[in-house]
Every structure is written in structure tokens, then in C-alpha cells.
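Please open the model in a viewer and keep the selection panel at hand. The stops below are intended to be followed in order.

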Amino acid sequence: MSAMDVPAGQPVPAAAARAKAPATHWISWIALALMTTSSVASLRAAPTMAVYGLACVFLYIVPAIVFLLPTSLVSAELASGWKGGVFNWVSEGISKPMGFLAVWCQFAMTIFYYPSLLGFVASTLAYVINPALASSGVWTALVIVVVYWSGVWVSSRGTGGVAGLASAGLIIGTLIPGAVLVLLGMVFLGQGNESAAPMNASHLLPAWAGLSSLVLIVNNFLSYSGMEMNAVHVGSLKNPAKEFPRAMFLAMGLVLLIFILPALAISWIVPAEELSLTAGVMQAFDAVFAEFGTQWLTPIFGIMLVAASLGGMLTWLAGPSKGLLMISRQEGYLPPFLQKLNKHGVQQNILVTQGVVTTVIALGYALIPDVSSAYWIFSVITTQVYLIVYLLMFVAAVKLRKNQPDHPRGYRAPVLVVLCVVGFVASLAALLIGFIPPSQFGGSDPIVYVLIVGGGALGLGLLVPFLFYRFRKPHWKQPETEEMAA
């Protein structure tokens, strides 16, 4: 989380935008590309792919073609024609219950996303205090609980102005550390040091050891998820049909560079068998700074990475729950207790309930001996739940093109049906592959792994919303008497 995957503001059709917005409101396609890059790119996934060495290039490009591109172009058409985000897209294309499922999964994925995000924060922060703590499950669980509840407290007070922290995070916690890591890594190799991972043509593809050898690619779907949220800005482009694809291709290139180059730099410096999936970035910084006698910079860069992650968490914490709340008040999908607003107009009861579940999940870090395994499991569950949203979105897009071909759209995706089929198949394959224990985490019982991932993804992603929908009551619909925070 990356980012993250938060219901954005309601877009308007491009025609209406042109009629109401003055020329000063147009944005350039380059600006849109940079906005998209800032919302998706992160160094957090770099250690996960660094274990593959040169093969990480292949493992990033494949999901970009079969998932990132279809998601971006299809969501652009939907956003330019229907306001209300994924709930309205799926409700119009399939049904309102399926729309509720889609917006629920957008919310539910954050329950597992924040423990994995804060697991990264805990490991990074450990390098500022005591590197030995990076492998401590108790330390990781403690950081998750304290930081998450602090974020809930801030969000429940309706605090504004934190969005700038996430924007600044692209520079402070991603571009600068990433550029320094790659630059010093190149100098490291230029001085005659041997790369920890082979960098020859025979290692362009990952070693094949059955389906389990490709499981880590599933995490890359989550790395690219959220691109569809920037499609709401398609109506702000002067020529959406030409400029939006340009913005997406430029953003894809920038995101690939940010993902691939730091992962390669880490693989040059840190041997795969010594790599921690949560602390790998700091391992690489620590090793390269030690090489140049500037190890005192390690905690400084650690603070930069932590600050960027926390800024993003605060910015996105209340977003998905707000989208869920708006739909639930209109349609009566959640009990009145969860629809209650505090004096600041914030859905505090949803945040607190989510916090209780997140705290329980955080204990997994203390109970699972290998912190990297816990981090991976929670990341997979996050991906599984969010992929349900994309499966529904692709189906809805095809049905809307077929059933409402003349509905005004500011942008029409080329070969939409092909894009949807490719995206749907890729998403379904990623979802299924996620149930296979990865080869890098051998030794544990695969049945236990499947039960944990399946229970988390299917239980939270499908069973819980079904129960809410099945047992809903007429009085759950709430009149719009309380004002929600902006």
C-alpha cells in the first residue's frame, strides 16, 4: 500500500467538466503521470523481488502488461462515464449487492494492508534504534499496535492537511533514497566488487521449481493496484483519448524504474539468503553505507522511509472506510453502530472496529517465529481480497459497454473486451496462485498456509459482507442528518 486503494472523490463526465471548469483547471498528461506515480511507487516491495536478482525485471514487466495496463485503461473509461467510484461501476454493470462487495473489499484489504505496511515500518525503525529488533516479532507487533492506534486517534479528530505528507513522501521516502541506493550500488560495482546476484542472460528468467517458484509475482499485483483511482482525473485532460494513454504509459515507465532499479541494487549488495523481506531496504543501505564509510547515514534514511510510510498511512487511513460508510448509509448494508459519526463527522466506530481486528492480526507477528513469513502471508491476503475488486470491475466494464453503448464517456478504452479478458484472467490466476506456498518459505506445512491465506482472504473478503447483506434490516438505512467530514 502502496498504496493505496482508496475510494477517490466522485468524478464527473468529461462533457460536464468541460462545460463547468475554466481552462485553468485542466491538468497536463505529464502532471497526471506524476500523480499516478506518486500514488503507486514505493521502495517497500523492493526486497521481495530482490531475491530473484536480474529476474525481477521479468517479474515486474509481466504483471505490468497483463494487469497494470488493462486496469488503467478500463478504469479510465468507467471513471469518465460514471461517478461514484467502484461501487457505482459494479452496481450499474452487475448489481448493487456486487457493488457492495466491491467497496467492502476495497475497505477490507486495508485490514491486512496496514499490518504489512507497519511491519515494514517496524523493521526500518529497528535500524534506527537497534538492528537486532528487525527480526523480533514482539517488537513488530508492538510498533503496529501503537502506530496504528495513534493513526486512528488522529483520523477520528477529523485532522486535515496530512495529504501533503503522502505527496512529499514520493520525494522524501522514495525518489531520494531510491536514487541514492541505485547510485551507490553502481559505484559499488564500479569499484570492482562482485554482485551478490548473477547479472547474466541466463538469469533473466526465474528458476522454475513448479508453480511455487512464481508465487512472489502475486505481490506485484498489489504493488500496481490503485492505479485505477487516478482515472477520476480523466475529465480534467483537454484531450482524454490521446493524453490519458500517454499519462499511463509514462507512469508505467516511471513506476517500473522505481520498482526495478532499487530491487536490482539490493540484489547487488545483499545475498538473497540473507535478505529479510521487511528489512531488506535498510540492509542494503547499511551495507552500502558501510562500504563507503558513511554508515551514520543509515538511521537518517531509515527515518525518511518511516516518515513517508506514516504520512501515507495517515492520508489513506479513513478513506476506504468513508467510502464504505457512504454506501452503507444509503443502502443499509451495515448496522447503525458502524454508521455512527463522532462530533468531527468521522466514522470513528468503523475505525475502532477495524483497529481491534488489526491488533489481533498484529499479534501474528509475535506468534509466527519468522517475521518475513508473517509479512508475506499478510501481503498475500491483502492482494487476494483486493483482486476480488478487479474481477468485478472487469466484468462490469464489459457489461456496461454491451448494455449501455451510448452512455456518454469522456474516454473509450481501445479493444476494451480484450483488455478486460486479459485483466480478468491475470487477476484470477494471481488469486489462485496466491494459495500456493512460495518456494522461498519451505519447511512449513502447506495445508496450514492455505488455511491461513484462504481463511483470511475468503472469510474477510466474501463471508463477512455476505453475512452483513443477508442479515441487514430495513432500519439500517440512515437519513442524511449527520454531516460527514470532508
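Of the contacts in the chain with a separation of 6 or more, what percentage is accounted for by residues 24 or more positions apart? In this predicted model, such residues account for 83% of those contacts.

**The whole chain**

Begin with a cartoon of the full chain. Its secondary structure comes to 18 helices and zero strands. Colouring by relative accessibility is useful next: of the 486 residues, 55% are buried. With a surface representation switched on, the chain exposes about 19,300 Å², and carbon and sulfur atoms supply 69% of that area.

**An aromatic cluster**

Select Y60, Y224 and F259, which form one aromatic cluster. A search of the whole structure finds 14 aromatic pairs. One of them is Y60 with F259, a stacked pair with 5.3 Å centre to centre and 5° between the planes. Y60 belongs to helix α4 (residues 56-81) and F259 to helix α10 (residues 240-269), so this pair ties together parts that are 199 residues apart in sequence. Y60 has a relative accessible area of 0% and is buried; F259, at 2%, is buried as well.

Now keep F259 and turn to Y224. These two rings are edge-to-face, with 5.7 Å centre to centre and 65° between the planes. Y224 lies in helix α9 (residues 217-224) and F259 in helix α10, so the pair ties together parts that are 35 residues apart in sequence. Both Y224 and F259 are buried.

**T358 and its contacts**

Move to helix α15 (residues 348-367) and select T358. Is T358 buried or exposed? At 1% relative accessibility, T358 counts as buried. Show its contacts, leaving aside neighbours within four places in sequence: I111, P115, I144 and Y148 appear. A distance label between the C-alpha atoms of T358 and I144 should read 8.5 Å, although the two residues are 214 apart along the chain.

**Helix α5**

Select residues 85-93, helix α5, which is mostly covered: seven of its nine residues are buried. The buried residues are G85, V86, F87, W89, V90, S91 and G93.

**Two buried cysteines**

Select C56 and C105 in turn. C56 is buried, with a relative accessible area of 0%, and C105 is buried, also with a value of 0%. How many disulfides does the count come to, taking pairs of cysteine sulfur atoms within 2.5 Å? The count comes to zero disulfides.

**A nonpolar surface patch**

Return to the surface representation and select I171, I172, L175 and I176, which make a nonpolar patch of about 320 Å². I176 is found in helix α8 (residues 163-190), and at 39% relative accessibility I176 counts as partly exposed. An α-helix has 3.6 residues a turn, so residues three or four places apart point the same way.

**A loop residue with positive phi**

For the last stop, select V415 in the loop between α16 (371-403) and α17 (416-433). Most residues other than glycine have a negative phi. Phi of V415, however, is near 40°, a positive value in a residue other than glycine. V415 is exposed, with a relative accessible area of 58%.

How values were computed:
Residues numbered from 1 in each chain as written. Predicted model: local features only at pLDDT ≥ 70, side-chain atom pairs only at ≥ 80, totals over all residues. Heavy atoms only, no water. Disulfide = S-S within 2.5 Å. Buried < 20%, exposed > 50% of the residue type's maximum accessible area, 1.4 Å probe, protein only. Helix = DSSP H or I, 4+ residues; strand = E, 2+ residues; numbered from the N terminus. Patch = residues over 30% accessible without salt bridge, like charges linked within 9 Å, V, L, I, M, F, W, Y side chains within 5 Å. Areas by Shrake-Rupley, 256 points an atom, 1.4 Å probe, with all protein chains shown as cover. Salt bridge = Lys/Arg side-chain N within 4 Å of Asp/Glu carboxyl O. Contact = heavy atoms within 4.5 Å. Phe/Tyr/Trp six-rings, centres within 6.5 Å; stacked < 30°, edge-to-face > 60°.
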